[in-house]
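I opened the notebook to look up helix packing and the ligand shell. Here is the model I worked from.

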Amino acid sequence: MTDARTTAGTTALQQPTLQVTDLHKAYGGNEVLKGVEFEVRKGQVKAVLGPSGSGKSTMLRLMALLEPADRGDISLHGTRIGRTPEGRHLPERALAVQRRDIGMVFQKFNLFPHLTAARNVALALHAVQGIGRHEALERAHAMLDRVGLSQRAGHFPSELSGGQQQRVAIARALVLEPDVMLFDEPTSALDPELVGEVLDVMEGLARGGMTMIVVTHEVRFARRVADEVTLFDSGVIVEQAAPDEFFDNPQHERTRRFLSHVH
Ligand code: ADP
Ligand code: MG
């Protein structure tokens with residue numbers, strides 16, 4: 001927070017939107033993140049691949065300030081978040097404010113079953129940002145329109161397909177106008193025939209300039225949409241490259257082995 005002003009201006013253009021440095025996290029004796037360095041710049045789309053259990057979700061949860069890191073820094077537009085300048089964890093109320101800038105979409109959509117699609121989307125605006133009910137609903141409708149669900153605004157989650165529910169969850173994150181969107185395997189819980197509609201919405205967002213980090217197993221999506229692809233394994237980043245390089249000319253044996261399983 002303190003040096004936001006001094007870093008504004010020309011340097012801000014080169015600054016990563018979201019960046020982690022030397023990120024460490026352990027659960028009990030299980031060292032899950034072992035010094036991860038990762039960043040995404042404005043308008044950039046990064047795809048993160050990697051085997052199950054390699055720490056991908058943990059990195060996203062830490063970036064979204066849903067859990068504290070053991071060590072390392074997280075910064076948004078060059079300003080440290082999640083901790084005070086002295087390095088202490090921020091209190092919940094301060095974290096809640098910083099979280100607004102970072103949208104997250106999970107494998108499980110977790111919509112409120114007793115609320116319509118529009119109210120699910122409006123709720124965050126109303127509850128998190130204190131926006132009046134009427135305006136919140138109007139903005140929710142506009143956002144549902146953007147994910148192709150204007151005809152479903154009055155439906156309850158149980159009346160929607162999994163793909164539609166995930167699009168509502170994307171709208172719910174977008175309506176808060178985050179600076180960056182984190183996606184954690186957003187299509188992994190969907191029936192195969194519903195994956196495409198969610199990926200299409202995400203591709204539209206990417207083409208519209210949204211800054212995105214996407215943990216996914218969708219190799220074709222990563223190749224087509226991402227600016228850079230990252231391989232995660234055992235809590236470290238193994239390889240990071242432009243999609244053509246990553247898929248056609250991987251530098252690391254670990255990447256080649258991983259790709260031989262997913263191709
Ligand atoms: P990925 O998303 O790549 O599959 P995760 O970040 O979910 O990997 O998990 C990495 C490791 O951390 C796994 O061994 C998992 O069991 C462990 N882990 C993740 N979250 C927790 C938690 N809340 N408590 C204990 N262990 C966890
Ligand atoms: Mg995961």
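Which residues of α5 meet which residues of α6? I started there, keeping in mind that this is a predicted model.

**Entry: α5 and α6**

I listed the α5 side first. Ala117, Ala118, Val121, Ala122, Leu125 and His126 are the residues that α5 brings to this meeting. From α6 I noted Arg133, Ala136, Leu137, Arg139, Ala140, His141, Met143 and Leu144. I then sorted the contact by class and got 10 nonpolar, 2 polar and 2 charged residues.

Next I looked up the geometry. Helix α6 covers residues 133-146, and its axis comes within 8 Å of the α5 axis. The two axes cross at roughly 125°. That angle makes α5 oblique to α6. I recorded the crossing of α5 past α6 as right-handed.

**Entry: α5 and α7**

I stayed with α5, residues 117-129, and turned to its packing with α7. These axes come within 8 Å and cross at roughly 25°. Angles under 35 degrees count as roughly parallel, so α5 and α7 are roughly parallel to each other. The crossing is right-handed here.

Which residues make this contact? I found Ala117, Asn120, Val121 and Ala124 on α5. Val168, Ala171 and Arg172 answer from α7. The residues of this contact divide into 5 nonpolar, 1 polar and 1 charged.

I compared lists. Ala117 and Val121 of α5 appear in the contact with α6, and Ala117 and Val121 also appear in the contact with α7.

**Entry: α7 and α8**

I followed α7 (residues 162-174) on to α8 (residues 192-207). Their axes lie 8 Å apart, at an angle of about 20°. That makes α7 roughly parallel to α8. I noted a right-handed crossing for this pair.

The α7 side of the contact holds Gly162, Gly163, Gln166, Arg167 and Ile170. The α8 side holds Leu194, Glu197, Val198 and Val201. By class I have 4 nonpolar, 3 polar and 2 charged residues.

**Entry: ligand 1**

What surrounds ligand 1? I wrote down Tyr27, Asn30, Val32, Gly50, Ser52, Gly53, Ser54, Gly55, Lys56, Ser57 and Thr58. Two elements give two or more residues to this shell: β2 (30-40) and α3 (56-63). Which element gives the most? I found that α3 does, with 3 residues.

I sorted this shell too. It has 2 nonpolar, 8 polar and 1 charged residues.

**Entry: the record**

I checked UniProt last. Its unreviewed entry lists residues 18-259 as "domain: ABC transporter". I looked at that span in the model. Its end C-alpha atoms lie 27 Å apart. The span is 38% helix and 25% strand.

Methods
Residues are numbered from 1 along each chain as its sequence is written. Chains are lettered from A and ligands numbered from 1 in the order in which they are written. This is a predicted model: local features need pLDDT of at least 70, side-chain atom pairs count only at pLDDT 80 or more; totals for chains, interfaces and linings use all residues. A residue is near a molecule or strand if its C-beta atom, placed from the backbone, lies within 6 Å of it. Helices (H or I, at least four residues) and strands (E, at least two) are DSSP runs, numbered from the N terminus. Ala, Val, Leu, Ile, Met, Phe, Trp, Tyr, Cys and Pro count as nonpolar, Asp, Glu, Lys and Arg as charged, and the others, Gly among them, as polar. Axes are lines fitted to C-alpha atoms, for helices over the stretch in contact, and angles run from 0 to 180 degrees between N-to-C directions. Angles under 35 degrees count as roughly parallel, over 145 as roughly antiparallel, 65 to 115 as roughly perpendicular and the rest as oblique. A crossing is left-handed if the near helix is turned anticlockwise from the far one by less than a right angle, and right-handed if clockwise. Two residues are in contact if their C-beta atoms, placed from the backbone, lie within 7 Å. UniProt positions are given in the numbering used here, feature names are shortened, and annotations may be inferred rather than shown by experiment.
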